[in-house]
Amino acid sequence: MHNKGIRAKMTKIFSISNKPTIIAGPCSAESELQLQQVADSIVSDHRISMLRCGVWKPRTHPGGFEGYGEKALKWISNLQEKYPTLPFCCEVARPEHVELCQQYHIPAVWIGARTSVNPFLMGELAEALRGSGIAVIVKNPITPDVELWTGAIERIMQAGIDDIAAVHRGFTTYNNIGYRNNPLWQIPIELKRRMPELPLFCDPSHIGGQRGLIAPVSQMALDLHFDGLMIECHPNPSEALTDSQQQITPSELTSILDNLKIRSHENYTPSDLLPLRQELDMIDSQLLELLSRRMKISASIGAIKREHNMPFFQPERWQQVLDKQITNGRNLGLDEQFVKELSEKIHGESLRQQEQ
Ligand code: PEP
Ligand code: MN
């Protein structure tokens, strides 16, 4: 299969630059007219470099709209001729999808969260993509597992594909409060630490699950040094066949982009940052010294408990410690959830020390 049009590109679609890469478009391709309306309204906005639309939709429950499949690829292919400067991307989940995308000269694809979680499928997709010239976006797996995400990306790289980006779309947790998918920012931050050359984008639409969260989540991502955003955008969100709560109109997208503060990532440190960083470094080493002292005391407590044949874990004592920490933390202006998680981590390590 020969590449043509955008696929004959010599340069990569995905790269890191001073300007964030913005990908926008509907959750699902619903008609050629719908795609054309989105393309018309974003093509002249040079901040937006790619159009997204789902063609095969992974639905949690059966019976819903599952995408127009090959019919939608024909629409994309027609529009791709009309808008040669605006590459389209769509989701693939099976090797047959990749073959069809190749036939219709789709320049880029994304691999969704329900697929990147599965190493067998990732292996099959990587083989199907090998030599295709298609650029690949790997969304994080639904589970908060940085190894699985890294492994999915490695499989694509091992198939000789070097035009790759990662997208952070949050993680599935039980009883989510606030977000549709918990952002757990430490996971994309760890991915960036491991793969600094890989462009990392954020999908505020699937993290937030509602229009009002798109702006703050996007700003958070840019503040955290993300390289771009993938935002769902529909000409008429309330009529959308999928994800209608989280899609915004092209004009709402423009206003969000107008208001985003793009931080400078140049490699210089303002002088007023230095003393504050020194203070942080000092506090960090004090924290470690205190933790080390605390663990030594835990080990001694463990020895005494063993001598008296006491169980290491005492639920009432742990409840008292936790309550006290949360109250103290609150008085010190610390977030309750943060104090709870920190205390659980310390307590877990403490128990491990006692049992040694
Ligand atoms: C999507 O982008 O429309 C989608 C289904 O994403 P995710 O795999 O992140 O849920
Ligand atoms: Mn969606």
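Q: Is Glu232 buried or exposed?
A: In this predicted model, the relative accessible area of Glu232 is 1%. Buried means under 20% relative accessible area. Glu232 is therefore buried.

Q: Which residues coordinate the manganese ion (ligand 2)?
A: Donors are N, O and S atoms within 2.8 Å of the metal. The coordinating atoms lie at 2.0 to 2.4 Å from the manganese ion. They belong to Cys27 (SG), His206 (NE2), Glu232 (OE) and Asp243 (OD).

Q: How are the donor residues of the manganese ion (ligand 2) spaced in sequence?
A: The donors, in the order of the chain, are a Cys, a His, a Glu and an Asp. Glu232 sits in strand S8 (residues 228-232), and Asp243 in the loop between S8 and helix H10 (250-259), eleven residues apart. The full spacing is C-x178-H-x25-E-x10-D.

Q: How far is a polar side-chain atom of Glu232 from an oxygen atom of ligand 1?
A: Glu232 is among the residues around ligand 1, and its OE also coordinates the manganese ion. A polar contact needs N or O atoms within 3.5 Å. For Glu232 and ligand 1 the distance is 3.4 Å.

Q: What share of the accessible area of ligand 1 does the protein cover?
A: Side-chain N or O atoms of Lys57 and Arg169 lie 2.9 Å and 2.6 Å, respectively, from an oxygen atom of ligand 1. On its own, ligand 1 has 290 Å² of accessible area. The protein covers 97%.

Q: How many residues of the shell around ligand 1 are charged?
A: The shell includes Arg52, Glu91 and Lys139. Three of its residues are nonpolar and two are polar. The charged ones number seven.

Key:
Residues are numbered from 1 along each chain as its sequence is written. Chains are lettered from A and ligands numbered from 1 in the order in which they are written. This is a predicted model: local features need pLDDT of at least 70, side-chain atom pairs count only at pLDDT 80 or more; totals for chains, interfaces and linings use all residues. Side-chain values use heavy atoms; hydrogens and water are left out. Donors are N, O and S atoms within 2.8 Å of the metal (3.2 Å for Na, K and Ca); water is not among the atoms, so sites may look incomplete. Helices (H or I, at least four residues) and strands (E, at least two) are DSSP runs, numbered from the N terminus. Buried means under 20% relative accessible area, exposed over 50%, partly exposed in between (1.4 Å probe, protein chains only). A residue is near a molecule or strand if one of its heavy atoms lies within 4 Å of it. A polar contact is a pair of N or O atoms within 3.5 Å; within protein, one must be able to donate a hydrogen and the other to accept it, and residues adjacent in sequence count only if both atoms are side-chain atoms. Accessible areas come from the Shrake-Rupley method with a 1.4 Å probe; for residues, only the protein chains shown count as cover. Ala, Val, Leu, Ile, Met, Phe, Trp, Tyr, Cys and Pro count as nonpolar, Asp, Glu, Lys and Arg as charged, and the others, Gly among them, as polar.
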